[in-house]
Amino acid sequence: MAIRKSSNKLSQTAVIKQILKRCSSLGKKHGYQDEEGLPLDVPKGHFVVYVGENRTRYIVPISILTRPEFQYLLHRAEEEFGFDHDMGLTIPCDEHVFESLTSSLR
């Protein structure tokens, strides 16, 4: 399920949808979502990632998923953690690097 550089947008879109589905199912397990399955503190068009050694929680816009820089981080996350675990989408990156990257991508 690696995100690869390719011209096949459909497979890339399918991978992103699967990632978001897994992230949203974690919120249901822990009671962090409303009756529609939406996280209580995450605005529409955003999702949650956990970054760094302390697993600091960040809310980022979905639009960031299409950026090559973020796709690289997703690829690293898959290599290090896989996407089939109960920890949420965890990004293996220092917090200050992640903050710098995401602030330049918005």
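This passage describes the fold, the sheet, the core and selected side-chain pairs of one protein chain.

The model is predicted. The chain has 106 residues, and 37% of them are buried. Its secondary structure comes to three helices and three strands. Along the sequence these elements follow the pattern α-β-β-α-β-α. Contacts between distant parts of the chain were also counted. Among contacts with a separation of 6 or more, 48% join residues 24 or more positions apart. The exposed surface of the chain is about 6,900 Å². Carbon and sulfur atoms supply 52% of that surface.

The three strands form an open sheet. Their order is 2-1-3, and the pairing is mixed. Strand 2 and strand 3 (90-91) stand at the edges. Each of these two has a single partner strand, so one side of each lacks a neighbour in the sheet. Strands of a sheet pair through backbone hydrogen bonds, in either a parallel or an antiparallel sense. Both senses occur here, as the mixed pairing states.

Strand 1 and strand 2 run antiparallel and are joined by six bridges. Two of the residue pairs can be named. Histidine 46 has proline 61 of strand 2 as its bridge partner. Valine 49 is partnered by tyrosine 58, also in strand 2. The pairing of strand 1 with strand 3 is parallel and covers two bridges. In that pairing, valine 51 has isoleucine 91 of strand 3 as its bridge partner.

The hairpin of strand 1 and strand 2 has four residues between the strands. Glycine 52 in this hairpin takes a positive phi near 80°. Arginine 55 is found in the loop between the two strands. Phi of arginine 55 is also positive, near 55°, in a residue other than glycine. Most residues other than glycine have a negative phi. Arginine 55 is partly exposed, because its relative accessibility is 32% and this class runs between 20% and 50%.

The interior comes next. In soluble globular proteins, nonpolar side chains tend to be buried together. The largest nonpolar core of this chain holds 16 residues. Phe47, Val49, Phe70, Ile91 and Phe98 touch the most other members. Four elements give two or more residues to this core: strand 1 (46-51), strand 2 (56-61), helix 2 (68-81) and helix 3 (95-105). Helix 2 gives the most, with four residues.

Isoleucine 91 illustrates the packing around one core residue. Its neighbours within four places in sequence are left aside here. From strand 1, whose range is 46-51, its contacts include Val49, Tyr50 and Val51. Gly52 is in contact with isoleucine 91 too. From helix 2, which covers 68-81, the contacts include Phe70, Leu73, Leu74, Ala77 and Phe81. Phe98 completes the list. Valine 51 is thus both a contact and the bridge partner of isoleucine 91.

Aromatic residues recur in this core. The count comes to three aromatic pairs. One of them joins phenylalanine 47 and phenylalanine 70. A pair of aromatic rings is described by the distance of the centres and the angle of the planes. For phenylalanine 47 and phenylalanine 70 the centres are 6.1 Å apart, with 80° between the planes. The arrangement is edge-to-face, because angles over 60 degrees count as such. Phenylalanine 47 lies in strand 1 and phenylalanine 70 in helix 2, so the pair ties together parts that are 23 residues apart in sequence. Both residues are buried. Phe47 and Phe70 also belong to one aromatic cluster with Tyr58 and Phe98.

Charged side chains give one salt bridge. Arginine 67 forms this salt bridge with glutamate 69. The closest N and O atoms are 3.8 Å apart. Neither partner is buried: arginine 67 is partly exposed at 31% relative accessibility, and glutamate 69 is partly exposed at 32%. Glutamate 69 has its place in helix 2. Its C-alpha atom is separated by 9.1 Å from that of threonine 102, a residue 33 positions away along the chain. Threonine 102 falls within the range of helix 3, 95-105.

Conventions: Residues numbered from 1 in each chain as written. Predicted model: local features only at pLDDT ≥ 70, side-chain atom pairs only at ≥ 80, totals over all residues. Heavy atoms only, no water. Core = buried A, V, L, I, M, F, W, Y, C linked by side-chain atoms within 4.5 Å. Buried < 20%, exposed > 50% of the residue type's maximum accessible area, 1.4 Å probe, protein only. Contact = heavy atoms within 4.5 Å. Salt bridge = Lys/Arg side-chain N within 4 Å of Asp/Glu carboxyl O. Phe/Tyr/Trp six-rings, centres within 6.5 Å; stacked < 30°, edge-to-face > 60°. Pairing = 2+ DSSP bridges. Areas by Shrake-Rupley, 256 points an atom, 1.4 Å probe, with all protein chains shown as cover.
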